[in-house]
There are 2 protein chains.
Amino acid sequence: MLPSSLTADGTRLRLLRAGLELFAARGYHGTSIRDIATAAGVQSATLYGHFASKEELLAELVVLGHEEHHRRLVDALMDAGSDPDDQLRALVSAHVASHATFPMLATVANAELARLSAAAAAPAHVLRAKSIDLLGTVIGRGVRQGVFAVDNMEITLTAIATMGISVAAWYPARAAELRIDVLCRSFGDLALRLVQMPSTSP
Amino acid sequence: MLPSSLTADGTRLRLLRAGLELFAARGYHGTSIRDIATAAGVQSATLYGHFASKEELLAELVVLGHEEHHRRLVDALMDAGSDPDDQLRALVSAHVASHATFPMLATVANAELARLSAAAAAPAHVLRAKSIDLLGTVIGRGVRQGVFAVDNMEITLTAIATMGISVAAWYPARAAELRIDVLCRSFGDLALRLVQMPSTSP
DNA sequence: ATTTTCCGATCGATCGATCGATCGGATGAT
DNA sequence: ATCATCCGATCGATCGATCGATCGGAAAAT
């Protein structure tokens, strides 16, 4: 449920974890600093010994979530071979697995990103663009090799990215009956369907 | 930008429109009663002459958005013929067009639905299930006719629905360079790719 | 004249944030 | 080894501002 960067102890990390759970459940403006502090077992004033403001706590979670996600994409792509099919499967699997494994972090990083000021949100937008670029590069390479065929690259990228993001919202309720590796394989199949060259009759 | 049910005048509709714009931009908890009233040109107390509470105003927008969306899906399906391809294209086009044409209403109806109590959210969830069922029926019929082939129906339905929902978030910024009918055609293509039977060599 | 609509004032509660005080444990001098 | 000093962390109390909601009465519509 939580990446390793959030599992250690200490007051600061307990505050981050409490903020993560509450922001995911009630949203940024629906959560008070007293809610966060109480869930972390401290007084509200203590929060300001670790974060300059409520927004800074959110910003840290958002950036942390985007970093974790992007790192997993890069790792997966590095482990994949040179086959475009394998590379696309690796990217989509990492994308979906990240959202299924850390749904709260993914929800906060995506949905509550809009509550940040432009300056605080900038690092997350950079990571977002890099992740999308990763996917675009893999698909573009497949197109040049003649194994993929895409009508509208931008819309296809958005569609694949969005499919995975939504997993964070519904997978937690289905976790008992749907294994993550099965989920990742299914979404890999869907992504391949979206980009594969229609097989012409030989 | 607004469905006909929100374009008339009168204080009540001005409040609904103001709430829609502000909820879409800042979220439910990020918008105050005074924000809404000021944007509608009245005092905050006036709002309570038309709505029992802030939540009831949101609930009305959420239900209204879901009704508008579902009605468009049904209309589109009724106008389509009996060909599964055409039916799927009609459904996806209506789905995408609805989110591209009324992005604020779609955003509020989807994102802020989570801020409603279970009772207030129930009607929206019913409409949601009916819309998904519509899509599932069309695809299931295509599968029985042998023109569609789906590995995991539930995941495929979620993927198609989600692709369209995300349009509300990014299309407004691209409206100048991307016509809605082109957008709908592209998403229709993608949806067909997701469900079409892989062509076997004849 | 009656009814509907709206407003100004105001309610108690809670918001994000700040304050000085307090505590235990490390540091340095003797 | 002892004691004085310091410091980061946390506390309780409180700040001004704003929150959602309510009231009686003015204004407008019928």
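1. Let's start with B:D181, which sits in helix α10 (residues 180-195) of chain B. This is a predicted model, so the placement is a computed one. B:D181 counts as exposed because it has 11 C-beta neighbours inside 10 Å, and the cut-off for exposed is 12 or fewer. Its C-alpha atom is 9.5 Å from that of B:V96, although the two residues are 85 apart in sequence.

2. Compare that with B:M78, in helix α4 (residues 54-79) of chain B. How many other C-beta atoms lie within 10 Å of B:M78? There are 8, so B:M78 is exposed. If you want a distance to check, take B:M78 and B:S166: they are 88 residues apart along the chain, and 25 Å separates their C-alpha atoms.

3. For a buried example, go to A:N110 in helix α6 of chain A. Here 21 other C-beta atoms fall within 10 Å, so A:N110 is buried; the threshold for that label is 20 or more. A:I165 is 55 residues away from A:N110 in sequence, yet the C-alpha to C-alpha distance is 8.2 Å.

4. Now the chain as a whole. Chain A has 10 helices and zero strands, so in sequence order you just read α-α-α-α-α-α-α-α-α-α. Its C-alpha atoms fill a box of roughly 70 × 40 × 25 Å along the principal axes. Of the 202 residues in chain A, 43% are buried. Looking at contacts in chain A between residues at least 6 apart in sequence, 73% join residues at least 24 apart.

5. One helix pair in chain A is worth pulling up in your viewer. Helix α4 (residues 54-79) packs against helix α6 (residues 103-111) at an angle of about 115°, and the axes are 8 Å apart. The crossing of α4(A) past α6(A) is left-handed. On the α4(A) side the contact is made by A:L61, A:V62, A:G65, A:H66 and A:E68, and on the α6(A) side by A:L105, A:A106, A:V108 and A:A109. Sorted by class, this contact has six nonpolar, two polar and one charged residues.

6. On to the contact of chain A with chain B. Each chain puts in 24 residues: 24 from chain A and 24 from chain B. Which elements of chain A give two or more residues to the side that touches chain B? They are α8 (153-165) and α10 (180-195). The largest share, six residues, comes from α8(A). By class, the side of chain A that touches chain B is made up of nine nonpolar, 11 polar and four charged residues.

7. How do the two copies relate? A turn of 180° with a shift of 0.0 Å along the axis lays chain A on chain B with an RMSD of 0.0 Å. That is why the relation is that of a two-fold axis. The same surface serves both copies, with 100% of the contact residues of chain A recurring in chain B.

8. Next, DNA strand D. It is surrounded by 15 residues, and the closest are A:T11, A:V42, A:A45, B:S32 and B:A45. The elements that supply two or more residues to this surface are α3 (44-47) of chain A, plus α2 (33-40) and α3 (44-47) of chain B. α3(A) gives the most, with three residues. The class split for the surface near DNA strand D is five nonpolar, eight polar and two charged.

9. Last, DNA strand C. Which of the 14 residues around DNA strand C come nearest? They are A:S32, A:A45, B:T11, B:V42 and B:A45. At least two residues of the surface near DNA strand C come from each of α2 (33-40) of chain A, α3 of chain A and α3 of chain B. That surface has five nonpolar, seven polar and two charged residues.

Terms used: Residues are numbered from 1 along each chain as its sequence is written. Chains are lettered from A and ligands numbered from 1 in the order in which they are written. This is a predicted model: local features need pLDDT of at least 70, side-chain atom pairs count only at pLDDT 80 or more; totals for chains, interfaces and linings use all residues. Two residues are in contact if their C-beta atoms, placed from the backbone, lie within 7 Å. Helices (H or I, at least four residues) and strands (E, at least two) are DSSP runs, numbered from the N terminus. Ala, Val, Leu, Ile, Met, Phe, Trp, Tyr, Cys and Pro count as nonpolar, Asp, Glu, Lys and Arg as charged, and the others, Gly among them, as polar. A residue is near a molecule or strand if its C-beta atom, placed from the backbone, lies within 6 Å of it. Copies are superposed by least squares on the C-alpha atoms of residues with pLDDT of at least 70 in both. Axes are lines fitted to C-alpha atoms, for helices over the stretch in contact, and angles run from 0 to 180 degrees between N-to-C directions. A crossing is left-handed if the near helix is turned anticlockwise from the far one by less than a right angle, and right-handed if clockwise.
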